[in-house]
Amino acid sequence: MSQLQEFQDCLRNAKRIVALVGAGLSASSGLPTFRGSQGLWKNFNMIDLATPDAFYIDPGLVWQFYAWRRHQALKAQPNSGHYALAQLSKQTEKEFITITQNVDGLLTRAGHRKSGLHEIHGSLFELRCTSFTCTYIERNNYKDPLTKNLSDFGFDEDDLDTTMETLDGVDEPTFAAPQALLVDDLPKCPVCNTLMRPGVVWFGESLSLRTLDGIDGFLQAGPVDLIMVIGTSGTVYPANSYVDLVRRGGGAVAVFNTDIESEILRGDVANTWGFQGDAAEWLPKALDVS
Ligand SMILES: [Zn+2]
């Protein structure tokens, strides 16, 4: 029996399923994977753009970076992999959650059931008040541009269209030449008028306890029969701990990624299947067991 047939037999019988999703799934929608930590943005690196310190030092710069990423994500469309997971999330005979590291909102836009979607790195389309005493959070804000001053991203739209079609991560679009912005040019809390921040988890920040609790609740409610690791190596915390937990509980593991260990591809790892290539192409085929 082929790995695909074995996987589909498992999927048919599985009652409780987890999908663990990383940047590789959205690469087929044209979004960069931000591999590595340096040199991806002209003149900037992660430390300048995606840390609490960066935001404290220059919120205008950080907001322009996130406005640019929102714009890119909104121009992208969910792909057939997103839709396949969204469809699985609506099957009533199975308990299914998706844990995604992506902040691009594409699973939501594909119609993934909201209660089963855990965005562990937050969302580009969430805004949070930075006041210590105010807890205001705005979700599903798809306004583009967010404010009238957050519309100029310092790059040529035509160039972006070309580079976004390459999926190998080499010609990723570059973020460059932001303008100097004041706090008054940036999104403000409608409740207390304090500066808002992007609702994403930055380097050096902890994952949201509420999100992790939601996932733990599912994992502790009973054994998971199958975990699908999609567009990610699944080797980084907490993703790796979820895979280990499912494996220890006797569940099966299916990996959909461009890069998979040869041991798995040969079928030498017990209860583990590997589907190498574009996850957006594999998923609709693999999840179609009707
Ligand atoms: Zn506020």
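A polar contact is a pair of N or O atoms within 3.5 Å. Keep that in mind as we look at this predicted model, starting with helix α12 and moving on to a zinc site. Aspartate 278 gives us a polar contact to begin with, as one of its side-chain oxygens lies 2.9 Å from the backbone nitrogen of alanine 280.

**Helix α12**

- Helix α12 covers residues 279–286, and Aspartate 278 caps its N-terminal end.
- Which residues of α12 are buried? They are Ala279, Ala280, Leu283 and Ala286.
- Looking down the axis of α12, you would find these buried residues within an arc of 140 degrees, so they line one face of the helix.
- Here is a handy rule: an α-helix has 3.6 residues a turn, so residues three or four places apart point the same way.
- Several elements help cover the buried residues of α12, including the helices α1 (3–13), α2 (23–27) and α6 (80–89). The cover also includes β7 (226–230) and β8 (252–257).

**The zinc site**

- Four cysteines coordinate the zinc ion through their SG atoms at 2.3 Å: Cys129, Cys134, Cys189 and Cys192.
- The angles among the four donor atoms run from 97 to 116 degrees, and the site is tetrahedral.
- Along the sequence, the donor residues follow the spacing C-x4-C-x54-C-x2-C.
- Cysteine 129 sits in strand β4 (residues 122–129) and cysteine 192 in the loop between α8 (157–163) and β6 (196–200), so this pair ties together parts 63 residues apart in sequence.

**Buried or partly exposed?**

- Cysteine 129 counts as buried because its relative accessibility is 9%, and the cut-off for buried is under 20%.
- Cysteine 192 is partly exposed, with a relative accessible area of 32%.

Terms used:
Residues are numbered from 1 along each chain as its sequence is written. This is a predicted model: local features need pLDDT of at least 70, side-chain atom pairs count only at pLDDT 80 or more; totals for chains, interfaces and linings use all residues. Side-chain values use heavy atoms; hydrogens and water are left out. Buried means under 20% relative accessible area, exposed over 50%, partly exposed in between (1.4 Å probe, protein chains only). Helices (H or I, at least four residues) and strands (E, at least two) are DSSP runs, numbered from the N terminus. The arc is that of the directions from the helix axis to the C-beta atoms. Contact means heavy atoms within 4.5 Å. A polar contact is a pair of N or O atoms within 3.5 Å; within protein, one must be able to donate a hydrogen and the other to accept it, and residues adjacent in sequence count only if both atoms are side-chain atoms. Donors are N, O and S atoms within 2.8 Å of the metal (3.2 Å for Na, K and Ca); water is not among the atoms, so sites may look incomplete. Four donors count as tetrahedral if all angles lie between 85 and 135 degrees; four count as square planar and six as octahedral if opposite donors are over 155 degrees apart and all others between 65 and 115; anything else is irregular.
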